[in-house]
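Ready for some practice in reading a protein model? Work through each exercise with the structure open beside you, and try each task before you look at the solution.

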Amino acid sequence: MTRDTSLTAFGDGGDDDEEPAATSAASASDGDTDGPDPVRPTSRWSASPRPCADCGTRTQRAWTDDGRLLCADCKEW
């Protein structure tokens, strides 16, 4: 291959008569809800210590539990 090779030279090998596959945006608008769950953080770090939602201990690293930020001692593992 030469340096000036077009991207069309790397096609998928399918027929030109085939319709393109549905994009994820199109399938999402069709009511498809089988996608992955949204990403949620499991911990939070802060330069200034923040209080634990249960015991009030100030900590730089807090762990999430049902939307609350807890210290390592209060987090149910």
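**Exercise 1. Find out how many helices and strands the protein has, and in what order they run.**

Solution. Begin by counting: this predicted model contains one helix and three strands. Next, walk along the chain from the N terminus, and you meet the elements in the order α-β-β-β.

**Exercise 2. Decide where in the protein confidence is lowest and where it is highest.**

Solution. Start with the overall picture: the mean pLDDT is 80, and 70% of the residues reach 70 or more. Then go element by element. Helix α1, residues 24-29, has the lowest confidence, with a mean of 51. Strand β2 has the highest, at 94. Finally, draw the lesson: where pLDDT is low, the predicted coordinates should not be read in detail.

**Exercise 3. Work out what share of the residues counts as buried, and what share of the surface belongs to carbon and sulfur atoms.**

Solution. A residue is called buried when its relative accessible area is under 20%. By that cut-off, 12% of the 77 residues are buried. Now turn to the outside: the accessible surface comes to about 7000 Å², and carbon and sulfur atoms account for 48% of that. For one more view, take the contacts between residues at least 6 apart in sequence: 2% of these join residues at least 24 apart.

**Exercise 4. Describe the largest cavity: its volume, its lining and the elements that supply the lining.**

Solution. First, the count: the structure holds one cavity of 30 Å³ or more. Second, the volume, which is about 60 Å³ for the largest cavity. Third, the lining, made up of Arg44, Ser46, Arg50, Pro51, Thr59, Gln60, Ala62 and Leu69. Two or more of these residues come from each of β1 (43-51) and β2 (58-65). Strand β1 gives the most, with four residues. Last, sort the lining by class: three residues are nonpolar, three are polar and two are charged.

**Exercise 5. Asp66 is not a glycine; what is the sign of its phi, and is the residue buried or exposed?**

Solution. Recall the general pattern first: most residues other than glycine have a negative phi. Asp66 has a positive phi of about 55 degrees. Now locate Asp66 in the chain: it sits in the loop between β2 and β3 (68-70). To settle the second part, compare its relative accessibility with the cut-off. Asp66 reaches 76%, and exposed means over 50%, so Asp66 counts as exposed.

Terms used: Residues are numbered from 1 along each chain as its sequence is written. This is a predicted model: local features need pLDDT of at least 70, side-chain atom pairs count only at pLDDT 80 or more; totals for chains, interfaces and linings use all residues. Side-chain values use heavy atoms; hydrogens and water are left out. On a 1 Å grid over the protein atoms alone, a cavity is a set of points where a 1.4 Å probe fits but cannot get out, and a pocket is an open set with protein on both sides within 12 Å along at least five of seven lines; lining residues have an atom within 4 Å of a point. Grid points are joined across faces, edges and corners, and a volume is the space filled by probe spheres set on the points. Ala, Val, Leu, Ile, Met, Phe, Trp, Tyr, Cys and Pro count as nonpolar, Asp, Glu, Lys and Arg as charged, and the others, Gly among them, as polar. Buried means under 20% relative accessible area, exposed over 50%, partly exposed in between (1.4 Å probe, protein chains only). Contact means heavy atoms within 4.5 Å. Accessible areas come from the Shrake-Rupley method with a 1.4 Å probe; for residues, only the protein chains shown count as cover. pLDDT is the predictor's confidence in each residue, from 0 to 100.
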